[in-house]
Amino acid sequence: MNSVNLNRYADIFKARGMRGCDLLQLNSQKLTKMGITEEFHQKALLVCLDELVHSRGYVSGASAVREHAFAMLKRCDRCNKFLREIPHQRKCGQGAHLSSALLSQSSLPSVDHSPYHRLKILFGVGLCYLFNSCDDQAPQLVIRCVRELESRARSDRTLDLYQLYHASPRLDQIEDLRTKLQGDAMSVDLSGYGFSTIASVLKRFLLELPDTVIPIQWYNKFIDVSGITNDEQCASRVSRLVQDLPEHHKSTLHFVMVHFCQICQLQYARGMTEPPTHIIDFLCHAFLRPPWDKAVEMVCHTKAHLRIIEMLLLCVDWGVERPSFAPKITSGSILETEMDVGECPSSLHNAEWYWGDITREEVNEKFMDTTDGTFLVRNASNRKGEYTLTVRKGGTNKLIKVLLKNGKYGFSEPFKFDTVTELIHHYRTTSLAQYNCMLDIKLLYPLSRKQKGLESAIVGDPVSVAEKLMNIHKEFTAKVNMYDGYSEDFSCTDRDICLKQHVLEAFEVTVRMFDDQIFLLENFQKYTQASEIWNARDTINLLKCHLKSVKDCQRLAEDELKQQFAFSHSIEREMVSLKPDIIHLFKLKEKYEGWLRQHGMKQQYISQFLMANDSAASLKYLLSDAKVNALPQENEGTWLLKDCTRLNAEHLLARHPDGTFLVRPSQTGQYALSIVCNGVVNHCIIFQTVHGFGFVESYTIFKSLKSLVLHYAQNSLEEYNDLLNTTLAYPVFGTSLKQPLLPPKENSKEKAKHDKGIQKQIEKQKRIQDQMTQQDSDQESRQQDQIKVSRIRGYVLTHPR
């Protein structure tokens, strides 16, 4: 297997229990059934088998060949040729260099002493030779590095773990640590090496595996699964593929993923809630890669690699806890460093971000749907002469007290700014992490008070208000469409930036691979025989030519990435500038629509008016169909009865359709609504407070009774009570309804009898109310007597003398 660089299929032979004598029966059909379907690989294996059978070292009926891996190029003991593939080894007659590969039966390792215990080389060796999956979870080198990294991450809480995995340590330190770990990895002293150095050695070990942690024969399966757009389905398929991996690979993958999940948890506990992008980049090409003859696919499938690693890290269950990450802010740091903050304001009152006496609730309302980095300053509510800074971070508002001491301003000691404007201007270009490590953000976007509030009042007739509403709607629609266009461009640009960044990383890997190959061939050129010198030189020149082409493409990609960054920043600035205008126009539009609704227009007519192409015709249609001035609710005299009682209201509303109503005084001192619903007269208290009128005492938002009636003339009372499924449709004395239906007048005696009955009911109701009032008074006096008695008893118990 090693001689033809097809060691990836070794586990298949082991799983089927293939013995030496079974190899003689292999052919293309059997190899296909075993899962080895590529024609080139089949031929290579059959040629290797033919050489093995016809060599002098073959022992019939015995498996006397063991696999061997070399850390560097070796020469054959017989022909002095480099140990490469079979076609170059025929001169010595030993097709697979059996003088190096064959062992006598006496030298074979016993069952009790597995061959991986004898290996002194750890890098570039297959996982199945490095550890026993029954005893260990991963190779000793991986276990040693992971334990050291986790120990340091837990002991030093100031470390930014993501950045340390992303850092590039010195090459000589990596090589020195790698050399030491080639021996006994568990006993090496790692205290003299940095976190990034140990992480880089771990990554290099994973990269140099002859068959990656996710074996090469599984590569296409994982790439196909990465195309599933639904995260749950994709994660489920990836999880099933992981369960099918060979035991050594599955165990190593599980051990390493548990480590990185714990790193994410430790980073999240430090208050850094950004997604683990650097970890995903770190593992992008370390866990899986295509065959070396198709290495260019790494560039084409970079996005798929990232998708697979993201699913493994964030979605697949490894039996450990994972944090819930905050949304990623793309290109934030670059945007922050390039933001032009302008000059420092001459005085506090000239600063657009100073809002003076504004409440915390008003600030929260203005900060709704704003971008991280938005800020304003207001007067402190509890102390004079101090101020409060509010900044948006992580989707929430952070409040910071601006303190004054000895004429200097600041957030904490030492206070070194003469004015508040100098303090704010400083932190527009410097991160607040200097003051609080949890607030790693700058004051990017001032919330300008020039956009402060809406118009104080809407003045005019319905025609002029409707025309203003149409103009506001057109401006609002134009800005929303513009924002949507910017948002789509920004999303596409962001995806292109992310893809180009990973393409550049793939270019770097490719360049390093070419450099290593050229360095290797140049160093061993002196050992090359005369007949192969020109071939070696041609190979070196060809590699250099390809390397130059790769570097040219890399430079073009870097230039395109810079242009994409600049374009992305310009789009983001436009979006940020549009957002306050859109919010302002939306609130203004709602206010004008509310004014029209309060003056009798239905929402469906308003919506039709705004959606119409011909504004003049639609306005005429709106006014004619809505009949603003003809609404009976506009006239308070049709429904407000100031001398009406509950019984009189029930008498007036009897035999009227649902929606007939009146408003009258209540016995509680408030007003009451009496309305017919489902054939029954219902009564509702209307509370009056300093804020206005309403059915709920804590929700009195209507400035007058007329405003309340006009609102519920267009909206169902179900907003207040689920059982009142009607509107205030018909005032009891409205012109749209006939006068109340009184009992039929048969004769004067019956009418007098009827009126006398009503009078008796009224007197009876009054007597009941007087009795209830007297009972309440008696009960209150008894409670007062009981309180006095309890006080006397308490005094006697505490003062026995």
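Let me start with helix 21, residues 603-611, where the buried residues are Tyr605, Ile606, Phe609 and Leu610. If you look down the axis of helix 21, those buried residues fall within an arc of 135°, and so they line one face of the helix. Please keep in mind, here and in everything that follows, that this is a predicted model.

From that helix I would like to move along the chain to the sheet that is built from later strands. It is an open sheet of five strands, and its order is 9-8-7-6-10, with mixed pairing. At the edges we find strand 9, residues 693-694, and strand 10, residues 730-731, each of which pairs on one side only. Inside that order, strand 6, which covers residues 660-665, runs antiparallel to strand 7, residues 671-677, and the two are joined over five bridges. If you want a position to look for on screen, take Arg664, which stands opposite Ala672 in strand 7. Packed on this sheet is helix 23, residues 646-653, which touches strand 6, strand 7 and strand 8, the last of these being residues 680-688. The direction of helix 23 makes about 165° with that of strand 6.

Now let me turn to strand 2, residues 387-393, and ask how many of its seven residues are buried. The answer is six, so to speak of this strand as mostly covered is fair under the cut-off of under 20% relative accessible area.

Strand 2 has partners that we can go through in turn. With strand 1, residues 374-379, it pairs in the antiparallel sense over five bridges, and within that pairing Arg378 has Thr388 of strand 2 as its bridge partner. With strand 3, residues 396-405, strand 2 is again antiparallel, this time joined by seven bridges, and here Tyr387 stands opposite Val402 in strand 3. Strand 2 and strand 3 form a hairpin with two residues between them, and in the turn Gly394 has a positive phi of about 65°.

Finally, let me step back to the protein chain as a whole. Its secondary structure comes to 25 helices and ten strands, and of its 801 residues 40% count as buried. Among the contacts with a separation of 6 or more, 60% are accounted for by residues 24 or more positions apart. The chain exposes about 45,400 Å², of which carbon and sulfur atoms supply 51%.

How values were computed
Residues are numbered from 1 along each chain as its sequence is written. This is a predicted model: local features need pLDDT of at least 70, side-chain atom pairs count only at pLDDT 80 or more; totals for chains, interfaces and linings use all residues. Side-chain values use heavy atoms; hydrogens and water are left out. Helices (H or I, at least four residues) and strands (E, at least two) are DSSP runs, numbered from the N terminus. Buried means under 20% relative accessible area, exposed over 50%, partly exposed in between (1.4 Å probe, protein chains only). Contact means heavy atoms within 4.5 Å. Accessible areas come from the Shrake-Rupley method with a 1.4 Å probe; for residues, only the protein chains shown count as cover. Two strands pair if DSSP finds at least two bridges between them. Axes are lines fitted to C-alpha atoms, for helices over the stretch in contact, and angles run from 0 to 180 degrees between N-to-C directions. The arc is that of the directions from the helix axis to the C-beta atoms.
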